[in-house]
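Please open the model in a viewer and keep the sequence panel visible. The tour below proposes a series of selections and describes what is found at each.

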Amino acid sequence: MLYREAGQFKTSYAKDQAIFPILQDRVMMVLMLVVAFVGVPMLASEYWLSTIMLPFLVFSLAALGLNLLTGYAGQLSLGTGGFMATGAFAAYKLAVAFPEMNIVIVFLLSGVITAAVGVLFGLPSLRIKGFYLAVATLASQFFLIWMFNKFPWFTNYSSSGVISAPPRAVFGDFFVTGSSASPANKYLFTLVIVCVLALAAKNIVRSHVGRSWMAIRDMDIAAEIIGIKPLQTKLGAFAVSSFYCGISGALWAFIYTSSVEALAFDITRSFQILFMIIIGGLGSILGSFMGAAFIVLLPIFLSNAPTMFGLNISVDLISHMEFMIFGALIIFFLIVEPHGLARLWQIGKEKLRLWPFPY
Amino acid sequence: MRFTKLILAAVGLAVGVSGFAVSEAKAAEQFIPSLVYRTGPYAPNGTPFADGAMDYYKMLNARDGGINGVKLVVEECDTGYNTDRGVECYERLKGKGETGAAAFSPLSTGITYAIIERAAKDKIPVFSMGYGRTDASDGRVFPYVFTAPSTYWSQASALVRYVGSEEGGMANLKGKKIALVYHDSAYGKEPIPTLETLAEKYGFTFHKFPVTHPGLEQKATWLSIGRKLRPDWVFMWGWGVMNQTAIKEAAAVGFPMNKFIGAWWSGAEPDTRPAGKAAIGYKSAAFHSPGSNFIVHQDIFQHVYGKGNGTTTEDLVGEVLYNRGLINSVFVSEAIRTAMSKYGNKAMTGEQIRWGFENLDLTNAKLSKLGLSRFMKPVKITCLNHEGGTPLRIQEWKGQQWEFVSDWIEPMNDIVRPMIEASAAKYAAEKGITPRTCN
């Protein structure tokens with residue numbers, strides 16, 4: 001009933017090609033954006049903004065980047081953490097070397113640098129695929145982290161190898177990094193970046209670029225026969241994906257924790273993001289957000305829940321319960337819907353469209 | 001259905017064991033947050049520290065009814081030594097209680113780095129006791145960070161001084177080889193600049209051996225130390241499982257234990273016990289005594305464990321890391337007490353406790369009043385110097401317990417202090433901070 005689309009006619013090609021062809025979806029999207037841009041900064045407390053919404057957005061962007069590569073182009077990668085670190089350290093070097101450069105340009109350039117690094121490590125994908133490629137990208141993960149640890153030039157010879165974000169404003173007094181930046185500023189800035197990049201990703205995957213990625217993913221020989229060049233397509237996927245991961249790493253270092261060491265982007269980070277897209281749904285933009293929400297928010301909720309309900313449980317027990325419940329839920333969702341949360345949502349939508357007369 | 005029942009039973013059991021929170025309406029309560037890690041790869045070291053910190057507050061509440069009649073309310077938050085979880089814990093706890101959090105001691109150099117700016121903005125002191133950012137000892141640039149009683153840089157210089165005296169004079173260090181085995185993170189890298197400077201000054205060669213987190217794989221490291229480089233001395237900046245692995249591997253390549261010295265975070269029972277007999281003779285730095293033969297421990301036995309309210313078991317009271325957690329609580333509670341002497345006996349705000357830290361003077365008389373006589377050296381924190389800079393001692397593992405084998409060793413303040421001030425000035429320039437003046 002809610003999703004009944006009777007009477008919604010598409011009278012032009014543009015309407016037919018819209019991202020959200022159904023009116024209800026458009027209304028919901030606008031509502032969500034209004035809540036995200038106006039409601040959340042007005043109502044959410046500092047704790048919510050800086051420790052729940054910010055990591056959620058940053059992780060969503062990283063998951064989005066990996067989903068473009070793994071979900072759409074079918075190239076399994078375990079180098080996400082390394083690419084995020086590249087973005088973080090590139091942004092730091094740029095911001096410190098050129099203090100007058102606008103922070104937005106710093107982030108975009110760090111994304112471009114990461115894209116170049118991603119292309120370099122994507123080269124093996126031309127010869128190997130599947131699990132073997134995962135191992136090759138794993139090498140990039142270890143190499144990049146080792147490099148940032150080994151050469152003090154990357155941290156401007158900081159004695160401890162920790163980089164700390166210098167204070168920067170987008171315009172005027174709108175500081176987004178440093179101690180004078182308010183959580184609301186940080187949140188809004190991150191939200192704008194994530195929204196713009198998500199919109200771009202959605203359009204990329206609907207264009208010929210995304211379609212050629214999917215062709216390569218589904219059967220690369222067939223794709224080659226119909227005229228898709230594997231070299232450009234695969235490396236293009238690596239470049240775009242690394243661009244997203246790089247910006248997400250820069251956001252992590254500058255906006256979320258505001259100081260970071262290379263260890264924060266170790267192999268567990270790569271796994272974490274891979275789990276996000278597996279649970280959220282491979283090959284789905286929405287799935288990246290759902291997966292990030294699941295992996296980031298659920299542990300925080302689980303560790304807060306006992307105190308919320310007034311139970312006085314020791315902290316180590318809370319942590320261990322968090323691990324157990326979280327693990328059980330992952331298995332539960334993978335059994336119920338192996339194609340991820342996005343698929344669950346899709347099934348729900350199909351049912352709603354037929355409701356109350358299912359056939 | 002059976003599954004649901006099981007979960008309900010588990011939750012019920014957990015609640016039953018620990019009991020419900022008893023919240024009574026009290027006149028004044030001071031909220032103290034405690035960032036701990038009782039889980040994860042560093043839990044063997046994090047747990048005794050957290051226990052010691054908790055027991056001291058419990059003892060103050062039971063014996064004196066808190067500080068000057070203000071009851072202490074302590075809440076733990078488990079970080080698992082993860083920086084992002086540490087930030088989450090910080091944000092969760094900073095506003096609790098009637099006056100907000102008293103002071104944060106994250107027990108992780110990574111988390112300390114992440115909350116330094118936040119804490120300065122929220123006006124809450126960060127008490128990183130013997131870890132964290134060394135150059136934060138410059139109180140002009142970092143008004144809200146306290147590194148007392150000593151820092152990694154001071155510790156490195158004291159270790160070199162100790163090695164010099166063992167070699168029969170600092171001049172004999174010339175041509176010697178000193179290796180550093182370190183946790184490849186913000187924590188382990190801190191002493192490197194100091195050791196490099198000292199290597200240049202005293203003419204020894206300095207070799208670095210990074211160990212990646214969590215440090216369970218060190219075979220290659222120790223083969224190249226024990227068979228190839230053969231250094232005269234090895235220092236270790238390790239934490240968690242890395243320490244015991246290093247001791248076992250050093251023994252396996254036959255490196256003499258009496259030439260192997262750990263930092264103060266690499267010298268506790270969880271590090272040496274698993275290595276068995278191999279660990280006998282292993283040394284580490286320390287700024288306080290091991291053991292439970294002090295009056296403060298008797299008070300803890302009487303007022304906390306005597307009432308069945310202890311955080312751990314009695315035989316673990318007095319372990320090295322337990323005592324370190326206890327000392328951490330002593331500093332925080334004495335800072336609160338100092339703040340009360342100026343602002344009155346009520347719950348203090350972070351800003352007032354910052355003043356308390358800055359005017360903290362733990363003299364010998366005060367230490368013995370606290371039941372800590374001979375436990376550690378006196379410390380005085382000033383506006384300029386947030387470190388205090390106490391001397392260190394070297395302790396040795398005798399197979400069952402740690403014992404002091406050296407006298408108190410002064411750090412080389414003449415070398416370390418200018419480095420701290422230069423580094424702090426660089427930080428201030430990068431962040432656009434104008435250092436305040438100290439009179």
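Begin by selecting chain B of this predicted model and colouring it by secondary structure: 15 helices and 13 strands appear. With the whole chain still selected, consider its overall dimensions. Along the principal axes, the C-alpha atoms occupy a box of roughly 65 × 65 × 40 Å. The radius of gyration of chain B is 22 Å, which agrees with the value near 22 Å for a compact globule of 439 residues. Among the 439 residues of chain B, 57% count as buried. Of the contacts in chain B with a separation of 6 or more, 72% join residues that are 24 or more positions apart.

Next, display both chains and select the residues where they touch. How many residues does each chain bring to the contact? Chain A provides 34 residues and chain B provides 38. On the side of chain A that touches chain B, at least two residues come from each of helix H3 (46–72), strand S1 (162–164), strand S2 (259–261) and helix H13 (315–336) of chain A. Highlight H13(A) in particular, since this helix gives the most to that side, with 6 residues. Colouring that side of chain A by residue class shows 14 nonpolar, 17 polar and 3 charged residues.

Return to chain B for two peptide bonds. Select B:Ala148 and B:Pro149: the bond from B:Ala148 to B:Pro149 is cis, with omega near 0°. B:Pro149 belongs to the loop between strand S4 (145–146) and helix H5 (152–166) of chain B. Then move to B:His213 and B:Pro214, where the peptide bond is cis, with omega near -5°. Here the setting is the loop between strand S6 (205–211) and helix H8 (219–229) of chain B, in which B:Pro214 lies.

The last selections concern backbone angles. In chain A, select A:Asn156, in the loop between helix H6 (131–150) and S1 of chain A. A:Asn156 is a residue other than glycine with a positive phi, near 55°. Is A:Asn156 buried, exposed or partly exposed? Because 14 other C-beta atoms lie within 10 Å, A:Asn156 is partly exposed, a class that falls between 12 or fewer for exposed and 20 or more for buried.

Finally, select B:Lys123, which is located in the loop between helix H4 (109–122) and strand S3 (126–127) of chain B. Phi of B:Lys123 is positive, near 60°, in a residue other than glycine. B:Lys123 has 16 C-beta neighbours inside 10 Å and therefore counts as partly exposed.

Notes:
Residues numbered from 1 in each chain as written. Chains lettered and ligands numbered in written order. Predicted model: local features only at pLDDT ≥ 70, side-chain atom pairs only at ≥ 80, totals over all residues. Helix = DSSP H or I, 4+ residues; strand = E, 2+ residues; numbered from the N terminus. Rg over C-alpha atoms; globule rule 2.2 N^0.38 Å. Contact = placed C-beta atoms within 7 Å. Nonpolar A, V, L, I, M, F, W, Y, C, P; charged D, E, K, R; others polar.
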